[in-house]
Amino acid sequence: MPRQHQTNVEFLTELMEYSKFGPMVQGFVIQALHEKADEIANDPHPERYDCGLFDGTYWQAIAQDVARQMAEKYGDYNRNQPAID
């Protein structure tokens, strides 16, 4: 199916199941989602996410819920975790 006709769920499923990097892409996607949700959830300026479709505080509430669910499954996101060399 052409990507422009895929739903978001279909696209993410394809991305996570059929990557040339194999299952490692799943770790990348999960880590990226966990990191971004935590960043938005804890931003002291939710108004920076305001747009024509919704208020930034609504976007932040979504991020807080996603961050909560990610923490329940994977543990709290540790933004101070040292980089792996």
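How many residues apart in helix 3 are Arg 68 and Asp 65? In the predicted model examined here, Arg 68 and Asp 65 are three residues apart in helix 3, which spans residues 56-74, and they are therefore separated by about one helical turn. The side chains of this pair meet in a salt bridge, with a distance of 2.6 Å from N to O. Arg 68 also forms a salt bridge with Glu 72, and here the closest N and O atoms are 2.8 Å apart. Glu 72, like Arg 68, lies in helix 3; the two are four residues apart, again about one turn of the helix. Asp 65, Arg 68 and Glu 72 are thus linked in a network of salt bridges.

The members of this network were also described by their accessibility. Arg 68 has a relative accessible area of 40% and is partly exposed. Asp 65 counts as partly exposed as well, at 33% relative accessibility. Glu 72 reaches 58% relative accessibility and so counts as exposed, since the class of exposed residues begins over 50%.

The structure holds four salt bridges. One of them joins the side chains of Asp 43 and Arg 48, at 2.8 Å from N to O. Asp 43 is buried, because its relative accessible area is 12% and buried means under 20%. Arg 48, in contrast, counts as exposed at 51% relative accessibility. This salt bridge therefore has a buried residue on the side of Asp 43 and an exposed residue on the side of Arg 48.

Attention then turned to the pockets of the model. Rolling a probe the size of a water molecule over the atoms shows where empty space is left. In the second largest pocket, this space amounts to about 180 Å³. The lining of the second largest pocket is made up of Asn 8, Phe 11, Leu 12, Met 16, Val 29, Ile 30 and Leu 33. At least two residues of this lining come from each of two helices, helix 1 (8-17) and helix 2 (24-41). Helix 1 gives the most, with four residues. By residue type, the lining consists of six nonpolar residues and one polar residue, with no charged residue.

Phe 11 and Leu 12, both named among the lining residues, also take part in a feature of the surface. Together with Leu 15, they form a nonpolar patch on the surface, and the three residues have about 220 Å² of accessible area together. Phe 11 lies in helix 1. Its relative accessible area is 32%, so Phe 11 is partly exposed. This value also satisfies the condition for a place in a patch, because patches are made of residues with over 30% relative accessible area.

Another residue found in helix 1 is Val 9. Val 9 is exposed, with a relative accessible area of 61%. The separation between Val 9 and Ala 67 was computed from their C-alpha atoms: the two residues are 58 residues apart along the chain, and the atoms are separated by 19 Å.

Two further pairs each include a residue of helix 3. Trp 59 has its place in helix 3 and counts as partly exposed, at 36% relative accessibility. Trp 59 and Tyr 49 are ten residues apart in sequence, and the distance between them in space is 6.8 Å, C-alpha to C-alpha. Gln 69 is also found in helix 3. At 40% relative accessibility, Gln 69 counts as partly exposed. The C-alpha atom of Gln 69 is separated by 9.3 Å from that of His 34, and the two residues are 35 residues apart along the chain.

Conventions:
Residues are numbered from 1 along each chain as its sequence is written. This is a predicted model: local features need pLDDT of at least 70, side-chain atom pairs count only at pLDDT 80 or more; totals for chains, interfaces and linings use all residues. Side-chain values use heavy atoms; hydrogens and water are left out. On a 1 Å grid over the protein atoms alone, a cavity is a set of points where a 1.4 Å probe fits but cannot get out, and a pocket is an open set with protein on both sides within 12 Å along at least five of seven lines; lining residues have an atom within 4 Å of a point. Grid points are joined across faces, edges and corners, and a volume is the space filled by probe spheres set on the points. Ala, Val, Leu, Ile, Met, Phe, Trp, Tyr, Cys and Pro count as nonpolar, Asp, Glu, Lys and Arg as charged, and the others, Gly among them, as polar. Patches are made of residues with over 30% relative accessible area and no salt bridge: like charges are joined within 9 Å, nonpolar side chains (Val, Leu, Ile, Met, Phe, Trp, Tyr) within 5 Å. Accessible areas come from the Shrake-Rupley method with a 1.4 Å probe; for residues, only the protein chains shown count as cover. Buried means under 20% relative accessible area, exposed over 50%, partly exposed in between (1.4 Å probe, protein chains only).
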